[in-house]
Amino acid sequence: MPTVKYRLHGHRPPPQPIRLQIPGWAGAQQPRADGSHEQPWHCTPFSESAQYGVELLYPFREELRVRTVRGKVQLDADWGAPVDPDMMWPPFRPFGADFYSYQLSLDLEVPPGWSVRTEPHPRYFTDPTHSTPLAVPALVRSEWWPMMFFCIFKAPPRGVTHVFRQGEPFISLIVLPTDPQLDLRAMDEAESAERELRARRLAASRDALAEGSRWLSSTNTVFDGTYRHMLRAAKARDRAKREDQAGAGDRTSAGDRPPE
């Protein structure tokens with residue numbers, strides 16, 4: 001994995017790994033059991049995706065509420081004196097007609113071949129109040145761009161208010177390869193047949209794989225742990241493979257040493 005280094009300007013909390021908040025934006029602390037209401041954290045693909053990156057927390061005591069009034073962005077906060085006199089203040093500005101900006105005062109350095117992408121924080125997708133800010137995706141090639149980051153948010157639609165509260169996460173940052181080019185092609189007949197065979201075998205064995213994990217939610221939706229169990233097995237396989245490779249490397253190094 002690439003090493004990511006950061007520097008901050010002013011009194012801002014540093015980036016931190018995204019952690020699921022349960023209870024909180026990732027859902028209530030309800031078990032995977034009959035009668036429970038389905039929660040975001042129950043979905044393993046969502047849980048893994050939500051933790052893929054780092055988050056920033058809103059640092060200010062002043063609560064900010066963002067609305068769209070008569071087609072214009074309105075930023076409401078009782079801003080006091082800036083904590084740092086060199087800081088841009090207020091740190092939020094309207095940006096065009098339908099967006100607003102925030103000076104993050106953060107610089108992330110990534111290795112060659114990697115970039116930083118801003119994303120909506122995963123709690124945006126689980127928020128029933130629609131008050132979580134909507135960060136606009138942007139790719140920053142910080143390998144050669146040492147400037148402090150700012151970010152752009154989409155203005156809320158009419159009747160919706162975005163709210164920034166101290167200590168709450170408001171954006172996620174993901175480090176990914178800079179080159180977006182993929183070798184995209186259709187599977188040939190043999191590849192397609194092999195995938196279909198694997199899918200049918202999985203479907204046929206799903207009851208065995210899901211044994212003891214099937215449950216019915218309060219909305220009469222059936223869930224089971226097939227994917228979760230297979231993920232656990234895949235992680236164990238990959239971990240064992242890495243340990244075997246590391247052991248082989250140690251044995252090779254020992255064999256290469258000259259006699260004492």
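Here are four short exercises, with worked solutions, on the predicted model shown above.

**Exercise 1. The cavity**

Find out how many cavities of 30 Å³ or more the structure holds, and which residues line the largest cavity.

*Solution.*
- Step 1: Begin with the count. The structure holds one cavity of 30 Å³ or more, and the space in the largest cavity comes to about 70 Å³.
- Step 2: Now look at the walls. The lining is made up of Leu-8, Arg-12, Pro-13, Leu-56, Leu-57, Pro-59, Tyr-102, Leu-104, Leu-106 and Phe-170.
- Step 3: Sort these residues by class. Nine are nonpolar, none is polar and one is charged.
- Step 4: Turn to the strands. Strand 3 (54–57) and strand 7 (99–109) each give at least two residues to this lining. Strand 7 has the largest share, with three residues.

**Exercise 2. A serine in strand 7**

Decide whether Ser-101 is buried or exposed, and list what Ser-101 touches beyond four places in sequence.

*Solution.*
- Step 1: Place the residue. Ser-101 belongs to strand 7, the strand with the largest share of the cavity lining.
- Step 2: Apply the cut-off. Buried means under 20% relative accessible area. Ser-101 has 10% relative accessibility, so this serine counts as buried.
- Step 3: Collect the contacts. Leaving out residues up to four places away in sequence, Ser-101 touches Pro-91, Phe-92, Arg-93, Phe-95, Phe-150, Cys-151 and Ile-152.

**Exercise 3. An open sheet**

Work out the strand order of the open sheet formed by three strands, and explain why one side of strand 5 and of strand 12 is left without a neighbour in the sheet.

*Solution.*
- Step 1: Read the order. The three strands run 5-4-12, with antiparallel pairing.
- Step 2: Look at the edges. Strand 5 (72–76) and strand 12 (162–164) each have a single partner strand, so each has one side without a neighbour in the sheet.
- Step 3: Check the twist. On average, neighbouring strands of this sheet are turned by 20° against each other, direction ignored.
- Step 4: Zoom in on one pair. Strand 4 (residues 64–69) joins strand 5 through five bridges in the antiparallel sense. Arg-65 has Asp-76 in strand 5 as its bridge partner.

**Exercise 4. A histidine in a loop**

Say where His-121 lies and which residues His-121 touches beyond four places in sequence.

*Solution.*
- Step 1: Locate the residue. His-121 sits in the loop between strand 8 (114–119) and strand 9 (134–135).
- Step 2: Judge its exposure. With 0% relative accessibility, His-121 counts as buried.
- Step 3: List the contacts. Leaving out residues up to four places away in sequence, His-121 touches Ile-18, Trp-25, Glu-55, Pro-169, Phe-170, Ile-171 and Ser-172.
- Step 4: Compare chain and space. His-121 and Leu-56 are 65 residues apart along the chain, and 9.1 Å separates their C-alpha atoms.

Notes. Residues numbered from 1 in each chain as written. Predicted model: local features only at pLDDT ≥ 70, side-chain atom pairs only at ≥ 80, totals over all residues. Heavy atoms only, no water. 1 Å grid on protein atoms, 1.4 Å probe; cavity = no way out; pocket = protein on both sides within 12 Å on 5 of 7 lines; lining within 4 Å. Points joined across faces, edges and corners; volume = space filled by probe spheres on them. Helix = DSSP H or I, 4+ residues; strand = E, 2+ residues; numbered from the N terminus. Nonpolar A, V, L, I, M, F, W, Y, C, P; charged D, E, K, R; others polar. Buried < 20%, exposed > 50% of the residue type's maximum accessible area, 1.4 Å probe, protein only. Contact = heavy atoms within 4.5 Å. Pairing = 2+ DSSP bridges. Axes fitted to C-alpha atoms, helices over the stretch in contact; angles between N-to-C directions.
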